[in-house]
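Dear colleague,

Please find below the structure that I am handing over to you. My notes on it follow directly after.

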Amino acid sequence: EEISELRKNEGFTLVSIISNREERYQRLRKRGGREHLTPELFSALDDQDHGQGQGKTGLQVADCQALADFTIYNDGDQQKLEREFCSLLGSLGINA
């Protein structure tokens with residue numbers, strides 16, 4: 001529902017940035033913040049974020065990703081992600 005509302009805005013573009021579960025887990029571990037982030041806890045939180053067992057009012061990341069106009073695969077370092085994002089912006093006529 002929220003994406004339908006956002007699409008009413010002229011020029012709205014939804015970009016999904018995806019990386020695999022293991023990569024996201026390793027990045028979170030390196031970043032810190034959660035003292036006891038185990039693979040099991042991360043998996044449960046990730047499932048929740050993707051809407052599993054959440055009903056309509058929970059986070060629905062997977063549904064939002066499916067509705068994206070563009071998808072960027074974040075499978076490299078930060079510089080690669082920035083290059084890909086800038087390239088996408090350029091293809092949309094936005095100078096970054």
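Strands are DSSP runs of E of at least two residues, and they are numbered from the N terminus. In these terms, phenylalanine 70 belongs to strand β2, which covers residues 70–73. Please note that this is a predicted model.

Confidence

The mean pLDDT of the chain is 86, and 91% of the residues reach at least 70. Strand β2 has the highest confidence in the chain, at 96, whereas helix α3 (residues 39–49) has the lowest, at a mean of 82. Where pLDDT is low, predicted coordinates should not be read in detail.

Salt bridges between helices α2 and α3

The structure contains seven salt bridges. Three of them are described here, beginning with aspartate 46 and arginine 21, whose closest N and O atoms are 2.9 Å apart. This pair connects distant parts of the chain: aspartate 46 sits in helix α3 and arginine 21 in helix α2, with their positions 25 residues apart. Aspartate 46 has a relative accessible area of 6% and is therefore buried, while arginine 21, at 33%, is partly exposed.

Aspartate 46 also meets the side chain of arginine 24 in a salt bridge, with an N to O distance of 2.6 Å. Here too distant parts of the chain are linked, since arginine 24 lies in helix α2 and aspartate 46 in helix α3, 22 residues apart. Arginine 24 is partly exposed, with a relative accessibility of 24%. Through shared partners, the salt bridges join Arg21, Arg24 and Asp46 into one network.

A salt bridge within helix α2

Arginine 27 and glutamate 23 form a further salt bridge, their closest N and O atoms lying 3.0 Å apart. Because these two residues are four residues apart in helix α2, about one helical turn separates arginine 27 from glutamate 23. Both partners are partly exposed: arginine 27 has a relative accessible area of 22%, and glutamate 23 has a relative accessibility of 30%.

The aromatic pair

How many aromatic pairs does the structure hold? There is one. Tyrosine 25 and phenylalanine 42 form this pair, which is tilted, with 5.5 Å from centre to centre and 50° between the planes. The pair links distant parts of the chain, as tyrosine 25 is in helix α2 (residues 21–31) and phenylalanine 42 is in helix α3, 17 residues apart. Is tyrosine 25 buried or exposed? With a relative accessible area of 7%, tyrosine 25 is buried. Phenylalanine 42 is likewise buried, at 8%.

The surface

Phenylalanine 70, introduced above as part of strand β2, contributes to a nonpolar surface patch together with Leu92 and Ile94. The accessible area of Phe70, Leu92 and Ile94 together is about 230 Å². Membership of a patch requires over 30% relative accessible area; phenylalanine 70, at 32%, is partly exposed.

Lysine 30 lies in helix α2 and is exposed, with a relative accessible area of 75%. The C-alpha atoms of lysine 30 and glycine 93 are separated by 35 Å, and the two residues are 63 residues apart along the chain.

Yours sincerely

Notes. Residues are numbered from 1 along each chain as its sequence is written. This is a predicted model: local features need pLDDT of at least 70, side-chain atom pairs count only at pLDDT 80 or more; totals for chains, interfaces and linings use all residues. Side-chain values use heavy atoms; hydrogens and water are left out. Patches are made of residues with over 30% relative accessible area and no salt bridge: like charges are joined within 9 Å, nonpolar side chains (Val, Leu, Ile, Met, Phe, Trp, Tyr) within 5 Å. Accessible areas come from the Shrake-Rupley method with a 1.4 Å probe; for residues, only the protein chains shown count as cover. A salt bridge is a side-chain nitrogen of Lys or Arg within 4 Å of a carboxyl oxygen of Asp or Glu. Buried means under 20% relative accessible area, exposed over 50%, partly exposed in between (1.4 Å probe, protein chains only). pLDDT is the predictor's confidence in each residue, from 0 to 100. Rings of Phe, Tyr and Trp (its six-membered ring) pair if their centres lie within 6.5 Å; planes under 30 degrees apart count as stacked, over 60 as edge-to-face and the rest as tilted.
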